[in-house]
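Biologist: Could you walk me through this model and tell me what stands behind the words you use for it?

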Amino acid sequence: EMCIRDRYKWRGSTKNHLTGYLGLTSVDSLLEGSYTVELRDAFGCVQSTNYAINEPEVLSLDETITNVVCPVSSSADVVTSTGNTALVLNNNLGTIAVGDVITGTGISGMVIVTAIADQNNITVSTNITASGNLTFDPPGKISVVVGGANSNTLNFIGNITSEGLDARAFSFSNNDGNTLTMTGNIITEGNGAEGIKLFPGVTNANINMTGNITTTGVLAYGIYLDTSDSNTTTMTGNISTEDATGIILSGSSANTTNMIGSITTQGVNAHGISINTSTANITTMTGNISTTDLASYGILVSGSDSNTTNMTGNISTTKAGSHGIYLIESDSNTTIMSGNITTEGIGAHGIFLSNSKTNNTINMTGNIISSGSNAIGIHLQNNSDSNFINMTGNITSSETGAYGISINSSDSNTVTMIGNISTTGAGAYGILLVSGSESNTINMTGNITTTANVAHGIYLNTVDSNTATVNGNITTTGTSSHGLYLLSLIHISEPT
């Protein structure tokens, strides 16, 4: 009867006294266990009640999820950690690195993770499958980051739209053996917003995509492998870029890229496929490559050795200096093409080797058609030595100075052609060897026809010890157009 209600005290299991008025004092953040609440008045009257606090329901991840939900609270933590639990997809936040913790409303949107944690840091993880469409806003956010984790698997069904600087759809960094399988389309808009990017140090990744990649922005490549090795990328679909290359390998080795689909690029220096300072990569493409601006090559191999490119399809370029296949300062590469090369711009050669030495091999089954002035069908220059070009098909050119085959300042190359050469522009020779080119061999089975003035069938100028064998007819109809024209030759015997 003498207890005073507004002077009760709360006592936790640690016997710490927490004073306050009833209704204004609470105890939280207690661990799992048994607790006693004692009520004691100023005269020593005591009443007590026992309570048990249990661990919240264990978190779990379904194989198909669209939202992470904490079963007890309205918020939860998404944790990226070392090991196999650092694969995170998030549409509200930027780059998510190993060790980062995202709390509360950061996961209120669509989030797909391989690790979640409750308030006591109990985590669960799994490989997952997600479905649905994603639109990332505000711009500049990376949708998938795989950092420092190995052997994860992500299966995604749906489309991804991303906008902003570096707003790439998928990126991998500093990891090994991760697998991404996607069915859907990728659309990015912004400079540096690649469709798929492998950062330096990524190895043994396996990327499978069925769908299209469309990018708008400078350096917004469709697929970009940057200093990454032994990865496999398989794509069934088309790549369309504006101001960027379709597929680029830079500083990378032993990668395999398989593409079934077409590549279309707009913008200066926007190549179809670019292999730069890379070795021993294999690129296989079934489809067409089309470029529509200046210096935008169909296939570019630059400073690279021992790569293999197999293409079944056509290459089309429309602007000046946009070659079909271009090898520069590269050795021992193999390019195999079944299809036609069509160039429209000034100086846009069909096949062009510059300063590329030793055992580059180009095997082509198809035609080369050029319609720009000085656009040569097959052109070797600047010490491009000891290379092999084998072509089954015809070379046709229609403008001034557009030779069929030209070898300039290059030695010991072998060109074998089964097909015809036809030129209609002034000064457009069928075959030209010039400027100290030595010991080259040209074997041609087919006819050479020129129709304009000063358009010789075969023209050798200041060269030594070259062999040109033509099993066919040479026909010239223009003024001063010789069938065989030899000028300033060194060590020449009587021609036969």
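**Words and their cut-offs**

Modeller: Let's start with Ile223, which is found in strand E22 (residues 223-226). A quick note before we go on: this is a predicted model, where local features need pLDDT of at least 70, side-chain atom pairs count only at pLDDT 80 or more, and totals for chains, interfaces and linings use all residues. Residues are numbered from 1 along each chain as its sequence is written, and side-chain values use heavy atoms, with hydrogens and water left out.

Biologist: What makes E22 a strand?

Modeller: Strands (E, at least two residues) are DSSP runs, numbered from the N terminus. E22 covers residues 223-226.

Biologist: Is Ile223 buried or exposed, and how do you know?

Modeller: Buried means under 20% relative accessible area, exposed means over 50%, and partly exposed is in between (1.4 Å probe, protein chains only). Ile223 has 2%, so it is buried. The C-alpha atoms of Ile223 and Ile273 are separated by 9.7 Å, and the two residues are 50 apart along the chain.

Biologist: And why is Asn231 called buried?

Modeller: Its relative accessibility is 1%, so Asn231 counts as buried. You'll find Asn231 in the loop between E22 and strand E23 (232-236). From Asn231 to Asn178 is 53 residues in sequence and 9.6 Å in space, C-alpha to C-alpha.

Biologist: What makes Lys197 and Glu194 a salt bridge?

Modeller: A salt bridge is a side-chain nitrogen of Lys or Arg within 4 Å of a carboxyl oxygen of Asp or Glu. For Lys197 and Glu194 the N to O distance is 3.9 Å, so the pair fits the rule. A search of the whole structure finds 1 salt bridge.

Biologist: Why do you say that Lys197 is buried?

Modeller: Lys197 has 9% relative accessibility, so it counts as buried. Glu194 is buried as well, because its relative accessible area is 3%.

Biologist: Which residues form a negative surface patch?

Modeller: That would be Glu163, Glu189, Glu242 and Asp243. Asp and Glu count as negative. Patches are made of residues with over 30% relative accessible area and no salt bridge, with like charges joined within 9 Å.

Biologist: How do you know that Glu242 is open enough for a patch?

Modeller: Glu242 has a relative accessible area of 33%, and the patch rule asks for over 30%, so Glu242 passes. With that value Glu242 is called partly exposed. Glu242 is found in strand E24 (residues 239-242).

Biologist: What is special about phi in Asn269?

Modeller: Phi of Asn269 is positive, about 60 degrees, although Asn269 is not a glycine. Asn269 lies in the loop between strand E27 (263-266) and strand E28 (273-276). With a relative accessible area of 45%, Asn269 is partly exposed.

Biologist: What about phi of Ser306?

Modeller: Phi of Ser306 is near 60 degrees, a positive value in a residue other than glycine. Ser306 sits in the loop between strand E31 (299-302) and strand E32 (308-312). Its relative accessible area is 42%, so Ser306 is partly exposed.

Biologist: Why is Ser410 called buried?

Modeller: Ser410 has a relative accessible area of 0%, so the label is buried. Ser410 lies in the loop between strand E43 (405-408) and strand E44 (414-418). A polar atom of the side chain of Ser410 lies 3.1 Å from the backbone oxygen of Asn408.

Notes:
Patches are made of residues with over 30% relative accessible area and no salt bridge: like charges are joined within 9 Å, nonpolar side chains (Val, Leu, Ile, Met, Phe, Trp, Tyr) within 5 Å. Accessible areas come from the Shrake-Rupley method with a 1.4 Å probe; for residues, only the protein chains shown count as cover. The place of a charge is taken as NZ of Lys, CZ of Arg, CG of Asp or CD of Glu. Helices (H or I, at least four residues) and strands (E, at least two) are DSSP runs, numbered from the N terminus. A polar contact is a pair of N or O atoms within 3.5 Å; within protein, one must be able to donate a hydrogen and the other to accept it, and residues adjacent in sequence count only if both atoms are side-chain atoms.
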